[in-house]
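What follows is a guided walk through one protein model, taken region by region. Please keep the sequence and the structure open while you read.

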Amino acid sequence: MRVVLQRSKEAKVTIDGKVTGQIEKGYVLLVGITHTDTMEDVQYLAKKVAEIRIWEDEQGKMNHSIKEHGGDILSVSQFTLYAETKKGRRPSFVEAARPEQAEPLWNAFNEALREQGLKVETGIFGAMMEVSLVNDGPVTIILESK
């Protein structure tokens, strides 16, 4: 599992002109799932997202988690995180999990985040989405379960 975490001041997902998920401060998570991912990967990354310390303390050091600092999650399924680009000019997506495997794991990941005490908004799995955000910092971190 691969997550691109972007700390944001505000973010939203729009599909066909309708907002399906929106947050103020927090994280935008682009979530990629590969065919070998399991519930163990889901639990590991949900805990990592909830506990990673990338919010500044009083001295300006990244010392607080989102649970300590406050904020919400906007989770967006993103199979293109598993694009293979070494050969040719067209990306291959053979490492991305098939939708019937990826969607339940993405839903489980979002639920695991909620179990960590976080409010989670989402896009819609498999939809063409417009994601807009104001990146805070900018702070962008790549997390992987393997």
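The residues that line the largest pocket of this predicted model divide into 14 nonpolar, five polar and one charged. The space inside the largest pocket comes to about 440 Å³, and of its 20 lining residues, Ser77, Gln78, Phe79, Thr80 and Gly126 are the closest to its centre. The elements that give two or more residues to this lining are β3, β6 and α3. As general background, empty space of this kind is found by rolling a probe the size of a water molecule over the atoms.

From the pocket we can turn to α3, which covers residues 99–115 and has 17 residues, reaching 24 Å from its first C-alpha to its last, close to the 24 Å expected at 1.5 Å a residue. Within α3, the residues Ala102, Leu105, Trp106, Ala108, Phe109, Asn110, Ala112 and Leu113 are buried, and the buried residues of this helix pack against β1, β3, α1, β6 and β7, the last of these being residues 120–122. After α3 comes glycine 117, whose phi is positive, near 90°.

The helix α1, at residues 39–51, can be read in a similar way. Its 13 residues should span 18 Å at 1.5 Å a residue, and its end C-alpha atoms are 18 Å apart, which agrees. The buried residues of α1 are Asp41, Val42, Leu45, Ala46, Val49 and Ala50. They cover an arc of only 155° around the axis, so they lie on the same side of α1. The general rule behind such a pattern is that an α-helix has 3.6 residues a turn, so residues three or four places apart point the same way. What covers the buried residues of α1 includes β1, β3, α2, β6, α3 and β8.

Just where does threonine 34 sit in this chain? It is found in the loop between β3 (26–32) and α1, and it counts as buried because its relative accessible area is 7%, under the 20% cut-off. Beyond residues up to four places away in sequence, threonine 34 touches Met1, Tyr82, Glu95, Ala96, Ala97 and Gln101.

Among the strands, β1 holds glutamine 6, which counts as buried at 16% relative accessibility. Leaving out residues up to four places away in sequence, glutamine 6 touches Gly26, Tyr27, Val28, Leu30, Leu133, Asn135, Val139 and Thr140. Val139 is also one of the contacts of methionine 62, together with Arg7, Arg53, Ile54, Trp55 and Glu56, once neighbours within four places in sequence are set aside. Methionine 62 is found in strand β5, residues 62–64, and at 40% relative accessibility it counts as partly exposed. Methionine 62 and isoleucine 52 are 10 residues apart in sequence, and their C-alpha atoms are 9.4 Å apart in space.

Two details of the backbone remain. In general, most residues other than glycine have a negative phi, and most peptide bonds are trans. Aspartate 16, however, has a positive phi near 50° although it is a residue other than glycine; it is placed in the loop between β1 and β2 (18–23), and it is exposed, with a relative accessible area of 80%. The other detail is a cis peptide bond, with omega about 0°, that joins glycine 137 and proline 138, and the place of proline 138 is in strand β8.

Note on methods
Residues are numbered from 1 along each chain as its sequence is written. This is a predicted model: local features need pLDDT of at least 70, side-chain atom pairs count only at pLDDT 80 or more; totals for chains, interfaces and linings use all residues. Side-chain values use heavy atoms; hydrogens and water are left out. Helices (H or I, at least four residues) and strands (E, at least two) are DSSP runs, numbered from the N terminus. Buried means under 20% relative accessible area, exposed over 50%, partly exposed in between (1.4 Å probe, protein chains only). Contact means heavy atoms within 4.5 Å. The expected span of a helix is 1.5 Å times one less than its number of residues. The arc is that of the directions from the helix axis to the C-beta atoms. On a 1 Å grid over the protein atoms alone, a cavity is a set of points where a 1.4 Å probe fits but cannot get out, and a pocket is an open set with protein on both sides within 12 Å along at least five of seven lines; lining residues have an atom within 4 Å of a point. Grid points are joined across faces, edges and corners, and a volume is the space filled by probe spheres set on the points. Ala, Val, Leu, Ile, Met, Phe, Trp, Tyr, Cys and Pro count as nonpolar, Asp, Glu, Lys and Arg as charged, and the others, Gly among them, as polar.
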